[in-house]
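Got your viewer open? Load the model, pick a colour scheme you like, and follow along from one selection to the next.

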Amino acid sequence: MADKKVDAIVIGAGAGGGVVAKELAVNGFSVVLMERGGWPDYDQHIHDELISQRVQDLGSAFGPDWEKHPRVMVDEHGNRHQIHAGHGAYGHVAACVGSGTVSYGAMGWRFMKEDFQLKSIYGMVEDSTLDDWPVTYEELEPYYVKAEWEIGVFGDHSLNPFAPPQSKPLPMPPFEFNREGTYLAEVCRRMGLHPFPIPMLRNSVPYHGRPACIRNRTCCGYACPVDAKNGTHNTVIPTAVKTGNCEVRAHCVVAEILVDDRGKATGVRYFDEKGKGRTMEARIVVVAGSATETARLLLNSKSRLFPHGAGNNNDWVGRNLQGHAYTGASGLFDFDILDLAGPGACMAICDYNHHNEGIIGGWIAGNRVLYVALCLFPELSFRRTPLGDCP
């Protein structure tokens, strides 16, 4: 069955897809935003510690349903393996409107200026495809401001001496540090380091018609009980829908991007909420289904001009998948350091983010629950590593 043609189809209602749908809708484009999951509901996504962590062996509060939507990899010997995608660094694998922005820890970092010029600063890293960005921080900076104010971020960049230039302060003030953050910040200062509050995508004060964070501890991995954590599901997607130009089609799974004889995307083939196969045409097709699912859909979209998947004639789709590495240190104290004040992570230092002798890139360090985590940011390398065959 063929649906009515629209200006744009956006696949995936997460961080990227929600923003694109809003921008198109407010500028007069007719948009259909397709999402394989449903709308998140706090009462349905209970605070279950067993299914709200960074592994999914026991399930996931926000999907996907691995039995209904298995992810299968075929190795070089033709053997099939069902795999579960792991949680992301800032968010969690999720299949719902808002996706990982429903359950993420909601840190609102900007890239550093150096992050846009990694090859120029560090040279070519052996066995990598490291390169400079085609845009600069200065070109991107106005869009950081736009996102921070429309979606809502709290913090104070002026307290971080290593922060890149800001043309406008963040819209909401930071929280004071919790007990462990206060202690770690004091230790950092004694070491000559520069602790500051982590920018967070949550309301520290009432903002855009929603309440302030109540500072509960179950935040990263969970839905917000008062809707104070800011994601696309409660900011830009509702804005898009209110224009009358955007329709959200939940529980719809896109199977293939349709391509014409000129190599131009013309629409999608998908399964609706009842599992019925349908097609829809559009002038614009935006694929925003996460790093893994976007590649998987493109690889599935084979045609005469793209026998190895849409946009994959140079064999780059699904490669250069970049992880976000963690390493940390923990310790025992002979006094009470825990006050259970959320949202957990609250302070960080950027003293070692760049310009460390013998290190490509660097890290930020901050408290995350009860330990100091050294988070290796994206400057390590971009290796040409395939996702594997994803039928």
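Start by selecting Lys-22: at 7% relative accessibility, Lys-22 counts as buried (buried means under 20% relative accessible area, exposed over 50%, and partly exposed in between, with a 1.4 Å probe and protein chains only). Now add Glu-150, which counts as partly exposed at 29% relative accessibility. Lys-22 and Glu-150 form a salt bridge, with 2.8 Å between the closest N and O atoms; the term means a side-chain nitrogen of Lys or Arg within 4 Å of a carboxyl oxygen of Asp or Glu. Since Lys-22 sits in helix H1 (residues 15-26) and Glu-150 in helix H4 (residues 137-152), the pair ties together parts that are 128 residues apart in sequence. Helices (H or I, at least four residues) and strands (E, at least two) are DSSP runs, numbered from the N terminus. As background, side chains of opposite charge can pair when their charged atoms come close.

Before the next stop, some housekeeping. This is a predicted model: local features need pLDDT of at least 70, side-chain atom pairs count only at pLDDT 80 or more, and totals for chains, interfaces and linings use all residues. Residues are numbered from 1 along each chain as its sequence is written, and side-chain values use heavy atoms, with hydrogens and water left out.

**Zoom out**

Show the whole protein as a cartoon and you have seven helices and 13 strands to look at. Of its 391 residues, 47% count as buried. Switch to a surface: the protein exposes about 19,400 Å², with carbon and sulfur atoms supplying 56% of that area (Shrake-Rupley method, 1.4 Å probe; for residues, only the protein chains shown count as cover). If you like contact maps, residues 24 or more positions apart account for 65% of the contacts with a separation of 6 or more, where contact means heavy atoms within 4.5 Å.

**Back to H4**

Which residues of H4 are buried? Select Tyr-137, Glu-141, Tyr-144, Val-145, Glu-148, Ile-151 and Gly-152 to see them. What covers these buried residues includes H1 and helix H6 (236-242).

**More charged pairs**

A search of the whole structure finds 20 salt bridges, so there is plenty to click through. Try Asp-336 with Arg-179, whose side chains meet at 3.3 Å, N to O. Asp-336 lies in the loop between strand S10 (325-329) and strand S11 (347-349), and Arg-179 in helix H5 (residues 179-190), so this pair ties together parts that are 157 residues apart in sequence. Asp-336 counts as exposed at 53% relative accessibility, while Arg-179 is partly exposed at 37%.

Next, select Asp-272 and Arg-278. Their closest N and O atoms are 3.4 Å apart in a salt bridge, and both residues are buried. Add Asp-3, Glu-247 and Arg-249 to the selection, and you have a network of salt bridges linking these residues with Asp-272 and Arg-278.

While you are there, pick Lys-274 in the loop between strand S8 (265-271) and strand S9 (277-287). Lys-274 is exposed, with a relative accessible area of 75%. Draw a C-alpha to C-alpha distance from Lys-274 to Cys-252: you should get 8.6 Å, for a pair 22 residues apart in sequence.

**Backbone oddities**

Most residues other than glycine have a negative phi, and most peptide bonds are trans. With that in mind, go to the bond from Gly-342 to Pro-343, which is cis, with omega near 5 degrees. Pro-343 lies in the loop between S10 and S11.

Then centre on Ala-106, in the loop between helix H2 (100-103) and helix H3 (118-122). Ala-106 has a positive phi of about 70 degrees, though it is not a glycine, and is buried at 0% relative accessible area. Arg-215 is not a glycine either, and has a positive phi of about 65 degrees. Look for Arg-215 in the loop between strand S5 (196-197) and H6, where Arg-215 is buried with a relative accessible area of 17%.

**Last stop: the inside space**

How many cavities of 30 Å³ or more are there? The count comes to six. A cavity here is a set of points on a 1 Å grid over the protein atoms alone where a 1.4 Å probe fits but cannot get out, and lining residues have an atom within 4 Å of a point. Grid points are joined across faces, edges and corners, and a volume is the space filled by probe spheres set on the points.

The largest cavity holds about 110 Å³ of space. To find it, select Trp-109, Arg-110, His-157, Asn-160 and Ala-163, which lie nearest its centre among the 18 lining residues. Colour the lining by class and you get 11 nonpolar, five polar and two charged residues (Ala, Val, Leu, Ile, Met, Phe, Trp, Tyr, Cys and Pro count as nonpolar, Asp, Glu, Lys and Arg as charged, and the others, Gly among them, as polar).

Key:
1 Å grid on protein atoms, 1.4 Å probe; cavity = no way out; pocket = protein on both sides within 12 Å on 5 of 7 lines; lining within 4 Å.
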